[in-house]
Protein chains: 2
Amino acid sequence: MSDPNDMPGHLARRFQQIAVAVFLAEVGEAGFDLTPVQYAALATIKANPGLDQVTLAGLIAYDRTTITGVIDRLVQKGLAERRASSRDRRARELEITDEGRRTLRKITPTVESAQRIMLRGLSAKEGEELMRLLRKAIAAGNALSRAPLREA
Amino acid sequence: MSDPNDMPGHLARRFQQIAVAVFLAEVGEAGFDLTPVQYAALATIKANPGLDQVTLAGLIAYDRTTITGVIDRLVQKGLAERRASSRDRRARELEITDEGRRTLRKITPTVESAQRIMLRGLSAKEGEELMRLLRKAIAAGNALSRAPLREA
DNA sequence: TACTGATAGTCAGCATACTGAGCAATATCA
DNA sequence: TGATATTGCTCAGTATGCTGACTATCAGTA
């Protein structure tokens, strides 16, 4: 049959919906106000100091137009800084602030426990297998979205 | 390490991102203007004529506030109708139109081929296994989002 | 050096998704 | 019956994500 509820696309949406809800609930309960996207951006800025927005977008597979707003909010919360690049006046170099570093350090255990919660219906082995299959499907479909993952 | 790119939540987001992109590309190429959400809603209305919006939301696990806009757009495109219920004057009964039925019939093969494309990196067996694991994880996490699946 | 094309970032517009609030109608129960 | 709780729907506000267009800048080349 063609039951939408049993299509891969629908399952993808549902799983992501739960993943986001769990993330926000756990992080909120721990007293922080950070979305999954903001967390990924902040962690990637910390790991790649001074990178520009397009590179950041490629490293975590966002659209470049989405990044603008995400950075806006990180800057507004005092977690990141946006500086004009001296080498390329079109580009903005991104830096994490001390406050951002503190937030990231305190929040990471919560984020990791959220990951366990969203897989709580699966055994450890099944969780690993789900992640392997997702990685494989994503690698094959990477070029199909407007925001493919791009290695540094 | 805590690489966001390798967390279940991030993989969920990436896979869904690709799934939506593939859906829109295939459906658009076939000459239709319908989103994944609109498709799921329309197919569910067809299968459950006269259902109200809250029931529809439960059957495909949307938030009730999201449904309002989705139905707006289906009605605007002439694919569905919203009627006041005679039994409960708070509720709206939803019906698919002839045009909606035609669209659904013509679009379904395209939707199914889109599902195959988003799994193209996996063998048939792996695709089945991915779906099984997603279903299992979703069932366990169903109550964790604001829009859980609700049986009729 | 002047032209051409590509690139970094932003913006407007649209469609999900969510939170929280509110209104109208219905259900429940003292 | 009358007060109270619940339910169906909508709306305002916020945050992804996308398309497509635009500006400013850079890079390569005739």
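Select DNA strand D and then the protein around it: in this predicted model, 27 residues surround the strand, and the closest are Arg73(A), Arg146(A), Val54(B), Arg90(B) and Arg92(B). Colour the atoms of DNA strand D that lie within 4 Å of the protein by their part of the nucleotide, and 68% of them turn out to belong to sugar or phosphate, with the rest in bases.

Stay with the phosphates of this strand and display some individual atom pairs. On the side of chain A, a polar side-chain atom of Arg73(A) lies 2.6 Å from a phosphate oxygen of DNA strand D, and a polar side-chain atom of Gln38(A) lies 3.1 Å from a phosphate oxygen of that strand. On the side of chain B, show the backbone of Val54(B), where a polar atom is 2.7 Å from a phosphate oxygen of DNA strand D.

Next, switch to a cartoon view to see which elements carry this surface. At least two residues each come from α2 (36-47) and α4 (64-76) of chain A, and likewise from α1, α3 and α4 (64-76) of chain B; α4(A) gives the most, with 5 residues. Colouring the residues near DNA strand D by class gives 13 charged, 9 polar and 5 nonpolar.

Now select DNA strand C, which 27 residues surround, the closest being Arg90(A), Arg92(A), Thr35(B), Arg73(B) and Arg146(B). Among the atoms of DNA strand C within 4 Å of the protein, sugar or phosphate accounts for 68% and bases for the rest. For the atom pairs here, pick the side chain of Arg73(B), which has an N or O atom 2.7 Å from a phosphate oxygen of DNA strand C, then the side chain of Thr68(A), with a polar atom 3.1 Å from a phosphate oxygen of the strand, and finally the backbone of Asp63(B), where an N or O atom lies 3.4 Å from a phosphate oxygen. The elements that give two or more residues to this surface are α1 (8-29), α3 (53-60) and α4 of chain A, together with α2 and α4 of chain B. Here α4(B) gives the most, with 5 residues, and the surface near DNA strand C has 13 charged, 9 polar and 5 nonpolar residues.

Hide the DNA and select chain A by itself. Chain A has 6 helices and 2 strands, and tracing its elements from the N terminus gives the order α-α-α-α-β-β-α-α. The C-alpha trace of chain A spans about 55 × 35 × 25 Å along its principal axes.

Bring chain B back and select the boundary between the two chains, where 55 residues of chain B are in contact with 54 residues of chain A. The two chains bury about 5000 Å² between them, with 69% of that area on carbon and sulfur atoms. The count of salt bridges between chain B and chain A is 6, and one to display is the pair Lys136(A) and Glu126(B), whose side chains meet at 3.0 Å, N to O. Across this interface there are also 18 residue pairs in polar contact. On the side of chain B that touches chain A, two or more residues come from each of α1 (8-29), α2 (36-47), α3 (53-60), α5 (98-118) and α6 (124-141) of chain B, and α1(B) gives the most, with 14 residues. By class, the residues of that side divide into 33 nonpolar, 12 polar and 10 charged.

As a last step, superpose chain B on chain A: a rotation of 180° with 0.0 Å of shift along its axis does this at an RMSD of 0.0 Å, which is the relation of a two-fold axis. The same surface serves both copies, since 98% of the contact residues of chain B recur in chain A.

Conventions. Residues numbered from 1 in each chain as written. Chains lettered and ligands numbered in written order. Predicted model: local features only at pLDDT ≥ 70, side-chain atom pairs only at ≥ 80, totals over all residues. Heavy atoms only, no water. Contact = heavy atoms within 4.5 Å. Buried area = accessible area lost by both parts, 1.4 Å probe. Salt bridge = Lys/Arg side-chain N within 4 Å of Asp/Glu carboxyl O. Polar contact = N/O pair within 3.5 Å; in protein donor to acceptor, adjacent residues only side chain to side chain. Helix = DSSP H or I, 4+ residues; strand = E, 2+ residues; numbered from the N terminus. Nonpolar A, V, L, I, M, F, W, Y, C, P; charged D, E, K, R; others polar. Least-squares fit on C-alpha atoms with pLDDT ≥ 70 in both. Near = heavy atom within 4 Å.
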